[in-house]
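User: Here is a model to go through. I will ask about one helix, the core and the ligand site.
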Amino acid sequence: MSTVTLTINDTNEKFEFEVLEPTLGPKVIDIRKLYTQTKMFTYDPGFTSTASCSSNITFIDGEKGELRYRGYKIEDLAQKKSYLDTCYLLLNGSLPSEDELKSFDKEIRKRSFVHEGLKDMFKTFPDKAHPMAMMSSAVSALSTFYFEHLDVYDEAEYQVLARRIVAKVPTLAAFTYRRSLGIPFIYPDVNRSYTENFLYMMRAYPNENLKISPIEIKALDTIFTLHADHEQNASTTTVRAVASTGAHPYAAVSAGINALWGRAHGGANESVIAQLEMIGSVENVDKFIKKAKDPDDDFRLMGFGHRVYKNFDPRAKILGKLLEELKHDLGIDLELLKIAQKIEEVALSDEYFIKRKLYPNIDFYSGLILTALKIPRKMFTIIFVIGRTVGWITQWIELRNDKELKIARPRQKYTGPKDNKI
Ligand code: ACO
C-alpha cells in the first residue's frame, strides 16, 4: 500500500494517508479521515484537486486531450457507432450485439411518447419562456408520473427508468421548440430512428411525411455521441449532489439541466455563434483577440478553454473535421466558419492562449453545425441536454450502486464575524 505523510509544521505532528490507484489517471490521496485525525479541512473551491467519487464510466486525460466512454476512444465511437450504441454502452458497460441494439432501439422508440397531461403542461409556459427553463420543468414534472421509482433498489428498475428518460427527452425537447413558436406538437414516429425522430418532431407539419437527409441525421447523431458523458463536470456533479439526498432521479436530472444552462457550461454553445456574428468578419478577429487578452476587459472567447482539457478538446477536433467534410452538403455558413477558423489559427499561435493552455472546446464548432441543421440558437443547449441525459442517468445508477455513497456535504472556511451581539 502506498501512502503519503502530512506533516503539520507548527507541531511536527505526522499523519499518514493511503494513496488509491485508479485504472487510468492521477493517483488519489484518500483524505476521508483527515478531519477526524487532524481537525482540519482541505480548501478546494471548484474542486480543482478533489475526486468526489469513484467512477468506471468515463475517462478524460486533459493533458493529452483524450476522452473514453467505458474504455472506448471517443473518436472510434463517433466514427463507427451510433448514438444509441453509445447509450447502450454507457448504461450497460458493453457495446450491444446486433440483436441487443435492435431490441434496445425498439424499446426506446416505444417509450418516446409522453403522458398527455405532461404535454398540456407546456400550455402554461409564457410565449417567451427559454427552452432550457421549459425543459428542466418538464423533466422535473416527469417525476410526478413515475413516482414509484423513488423507492427502487433494484438494477433492473434503474435501467427501466433510465431507458424511459432517454427515450422521452427528445420528445420533450421538440415540445419546448414547438411551444416557443405556438405551433402544434408532433408526436414521435416509431418508424424513425432516435435522432431522425427528434429532427422530425422539430420540423414536420402535422401528418407530413417529412424526409430528413441521412447527412443531417449523421451530423446530429455524432453531436449527441460527443455530448453523451463527460465525467464529473458541473451538471453531473449537480445530478450526483441532488441524487445523494435520495431525491427522485428525474428531479436530479432536472437539476443537472439547470446547471448546464449557464454560459460557462452548456450555455456556451449559444454564445459562440452570437460572438462569431458580433465579430462579423475575418478582419475583426485580431481586435477581439486583443479584447480577450485584456485583463481589464471581461470579454472571453466563447468556446475556448476548459477546466480539464489543457490540450485540444478531442470532441472539438472531431467536430472540426466533420465541418470540413460536410460544409457544402450541410450548407454551413461559410463566412462564420472562416471567422471561427481564423480565431482558432490566431489563438493557437498567441502567447496568451498558449501559456494558459486555452484550446477550442466542443462548443466552438457545434453551433455552426447546429445552425446548418436549422436548429435555432436558443435550442443549442437543449441539444446538449438530449445527448447528456444518458450520461446523467448512468451516473445516477452508478451512485445508487455505490457502497461508499455519502450525502454531498462539503465543508467551508468560515470568514464571517466571530461573535456579534444584539
Ligand atoms: N478567453 C480568454 N481568456 C480565457 C478564456 C477565454 N475563453 N478562458 C480562460 N481564460 C483565461 C482566464 O482569464 C484566466 O487568465 P488569468 O490566469 O490571467 O487570470 C485563465 O485563462 C484561466 O481561466 P479560468 O477561468 O480560471 O479557468 P477555469 O478552468 O476556471 O474555466 C472555463 C474554464 C469556464 C471553460 C473558461 O475557460 C471559460 O470561461 N471559457 C469560455 C466559456 C466556454 O467556452 N465554456 C464551455 C466550456 S466546455 C463545456 O462546458 C461543454
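User: Which helices do the buried residues of helix 17 pack against?

Analyst: This is a predicted model, in which local features need pLDDT of at least 70, side-chain atom pairs count only at pLDDT 80 or more, and totals for chains, interfaces and linings use all residues. Residues are numbered from 1 along each chain as its sequence is written, and side-chain values use heavy atoms, leaving out hydrogens and water. Helix 17 is a DSSP run (H or I, at least four residues, numbered from the N terminus). Its buried residues pack against helix 9 (214–227), helix 12 (268–279), helix 14 (314–330), helix 15 (334–348) and helix 18 (380–401).

User: How many of the eleven residues of helix 17 are buried?

Analyst: Buried means under 20% relative accessible area (1.4 Å probe, protein chains only). Phe 364, Leu 368 and Ala 372 are among the buried residues of helix 17. For helix 17, residues 362–372, the count is ten.

User: Which residue caps the N-terminal end of helix 17?

Analyst: The backbone nitrogen of Asp 363 lies 3.0 Å from a side-chain oxygen of the capping residue. That residue is Asn 361.

User: Which phenylalanines does Ile 343 contact, leaving aside neighbours within four places in sequence?

Analyst: Contact means heavy atoms within 4.5 Å. On that basis Ile 343 touches Leu 276, Ile 279, Val 285, Ile 289 and Leu 301. The phenylalanines in contact with Ile 343 are Phe 304 and Phe 364.

User: How far is the side chain of Tyr 352 from a nitrogen atom of the ligand?

Analyst: Tyr 352 is one of the closest residues to the ligand. The pair joins the ligand nitrogen to an N or O atom of the Tyr 352 side chain, and the distance is 2.9 Å.

How values were computed:
A residue is near a molecule or strand if one of its heavy atoms lies within 4 Å of it. A polar contact is a pair of N or O atoms within 3.5 Å; within protein, one must be able to donate a hydrogen and the other to accept it, and residues adjacent in sequence count only if both atoms are side-chain atoms. Buried means under 20% relative accessible area, exposed over 50%, partly exposed in between (1.4 Å probe, protein chains only). Helices (H or I, at least four residues) and strands (E, at least two) are DSSP runs, numbered from the N terminus.
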